[in-house]
Amino acid sequence: MIALHSGYPDRELLPERLVRAAFGRAARGDSAVGRPPAAGLPELQAWFANELATETPLGVTPPSPGDIVVFPGSQSGLNTAFRALVGAGRPLLVESPTYWGAILAAAQAGVRTVPVPSGTHGPDPEALARAFAQTGARAFYAQPHFANPTGARWTPGLADRVLDLVREHGAFLIEDDWAHDFGIDADPVPLAARDDQGHVVHLRSLTKSVSPAVRIAGLMARGPARERILADAQAEAMYVSGLLQTVALDVVTQPAWRTHLRSLRHQLAARRDVLLGALWEHVPAAHVETVPQGGLNLWVRLPDTTDLPRLVADCESSGVAVAAGGEWFPAEPTGAYLRLNYSGPNPGAFPEGARLLGRALARQKAR
């Protein structure tokens, strides 16, 4: 099976040697048998805080280690943030389309999602302003950099406008920085680095960039919001494995980590361009709405007449797995989309996968 559907990078793109060595060292240390603090290991909290502090401009107070709460992956962080900052029955503004896991987390928390139209450059600020005014929402969940699934990256002007709206309405921006380590043609600068008033809650995961076996994420929140989040996290899981926290910290503080990220940038660029070229050649009816500057996915618009469930099934029967785009919409999909992952295994098979996809789509047009 040619896998273009996964949300995770290929094993070849992971720092496997660093991870294995870190597990060996951690197994011999105190974290293998001790209980960590509820908010996370202080050294790991400091690392997450420093990553944001390096992007903080002059005149803005950088976050401190005490502003960080460590979670077992970003999905857990989203669940907690939605429960602690929004609450059951209350509205949460979300981009449409957006990460399907955030839609699921909101549903599990009993939160009412309110879609805000979002395209290849981010959300419509006028629509966002109307949504805040009409719903009284106190939180907006968004992915300003390399959004899943669209690949959108906000301009500095849009980021300023969104921050102004969030502050104007006394709300939170829950910033999902899931692709922080997957920049290709651009580097993400979190909006959290530009806000010291407590309006931005920043979530950064290491799960996809370090290893899926090391489910670690850091959530930055200030003041009472941080205390509510920590209380909810403790009620849910008490603490995060100290062994996994130690492994994650070991990997990201090795000099070889930066070398790995530089290599990863080039590998992702090559894979992205191979898949793009294959789609242009073999699926001329498909439209890639933006060439992402980072992340792991292409967001592909198909003709409106496409029978998407049938296309996905036909592709699978032919030997290529693709992901239908409907699950990334919190309301009715605005068209027929596929999300294709260019970081999956066997990039040499991408052209064949695109050929099979094009053939399946052409069969629909011929009927």
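# A walk through the two sheets

Start by selecting valine 288: across from this residue, in strand E11, stands valine 300. Before going on, keep in mind that you're looking at a predicted model.

**Stop 1: the four-stranded sheet**

Now widen the selection to the strands around that pair. E10 and E11 (residues 297–302) run antiparallel and are joined by two bridges. They belong to an open sheet of four strands, ordered E10-E11-E14-E13 and paired antiparallel. Colour strand E10 (287–288) and strand E13 (323–324) to mark the edges, since each of these pairs on one side only.

Next, bring in the helices. H10 packs on this sheet, where it touches E10, E11 and strand E14 (336–341). Its direction makes about 15° with that of E11. Then show helix H11 (residues 308–318), which lies across E11, E13 and E14 and runs at about 35° to E14.

**Stop 2: the largest nonpolar core**

Which residues of the largest nonpolar core touch the most other members? Select Leu279 and Leu338: they hold that spot among the core's 87 residues. Helix H10 (residues 255–282) supplies the largest share of this core, with nine residues. As background, nonpolar side chains tend to be buried together in soluble globular proteins.

Stay on leucine 338 and show its contacts, skipping residues up to four places away in sequence. The list includes Leu298, Trp299, Val300 and Leu302, along with Leu308, Leu311 and Val312. You'll also find Val322, Ala323, Ala324, Gly325 and Leu357 touching leucine 338. Val300 in that list is the residue we met at the start, opposite valine 288.

**Stop 3: the aromatics**

Trp299 is also a way into the next selection: Trp299, Trp328, Phe329 and Tyr337 form one aromatic cluster. Across the whole structure, a search turns up eight aromatic pairs. Take phenylalanine 329 and tyrosine 337: their ring centres are 5.9 Å apart and their planes sit at 40°, so this pair counts as tilted. Are these two residues buried or exposed? Both phenylalanine 329 and tyrosine 337 are buried.

For a ring with a charge instead, jump to tyrosine 8. The charged end of lysine 208 sits over that ring, 5.1 Å from its centre.

**Stop 4: the eight-stranded sheet**

Now select the other sheet. This one is open too, with eight strands in the order E2-E9-E8-E7-E6-E3-E4-E5 and mixed pairing. Strand E2 (68–71) and strand E5 (122–123) stand at the edges with a single partner strand each, so one side of each has no neighbour in the sheet.

At the E2 end, E2 and strand E9 (residues 217–220) pair antiparallel over four bridges. Pick phenylalanine 71 and you'll see alanine 217 of E9 opposite.

Further in, strand E6 (residues 139–142) and E7 pair in the parallel sense, again over four bridges. Here tyrosine 141 stands opposite isoleucine 174 in E7. Tyr141 also belongs to another core, of 30 residues, which lies apart from the largest one. Tyr99, Ala225 and Ile229 are among its other members.

How covered is strand E7 (residues 172–176)? Five of its five residues are buried. Switch on the side chains to see the two faces: Phe172, Ile174 and Asp176 are on one side, with Leu173 and Glu175 on the other, and both faces are covered. As a general reminder, side chains in a regular strand alternate between the two faces of the sheet.

**Stop 5: three single residues**

Go to serine 118 in strand E4 (residues 112–119). Its relative accessibility is 15%, so serine 118 counts as buried. Leaving aside neighbours within four places in sequence, serine 118 contacts Glu95, Ser96, Pro97 and Pro123.

For contrast, select alanine 88, in the loop between helix H3 (74–85) and strand E3 (91–96). With 62% relative accessibility, alanine 88 counts as exposed. Beyond residues up to four places away in sequence, it touches Ala109 and Gly110. Try the distance tool on the C-alpha atoms of alanine 88 and alanine 107: these residues are 19 apart along the chain, and the separation is 9.1 Å.

Finish at alanine 349, in the loop between E14 and helix H12 (350–366). At 12% relative accessibility, alanine 349 is buried. From here, draw one last line to proline 123: the two are 226 residues apart in sequence and 34 Å apart in space, C-alpha to C-alpha.

Definitions and conventions: Residues are numbered from 1 along each chain as its sequence is written. This is a predicted model: local features need pLDDT of at least 70, side-chain atom pairs count only at pLDDT 80 or more; totals for chains, interfaces and linings use all residues. Side-chain values use heavy atoms; hydrogens and water are left out. A nonpolar core is a set of buried Ala, Val, Leu, Ile, Met, Phe, Trp, Tyr and Cys residues joined through side-chain atoms within 4.5 Å. Buried means under 20% relative accessible area, exposed over 50%, partly exposed in between (1.4 Å probe, protein chains only). Contact means heavy atoms within 4.5 Å. Two strands pair if DSSP finds at least two bridges between them. Axes are lines fitted to C-alpha atoms, for helices over the stretch in contact, and angles run from 0 to 180 degrees between N-to-C directions. Rings of Phe, Tyr and Trp (its six-membered ring) pair if their centres lie within 6.5 Å; planes under 30 degrees apart count as stacked, over 60 as edge-to-face and the rest as tilted. A charge sits over a ring if NZ of Lys or CZ of Arg is within 6 Å of the ring centre and within 35 degrees of the ring normal.
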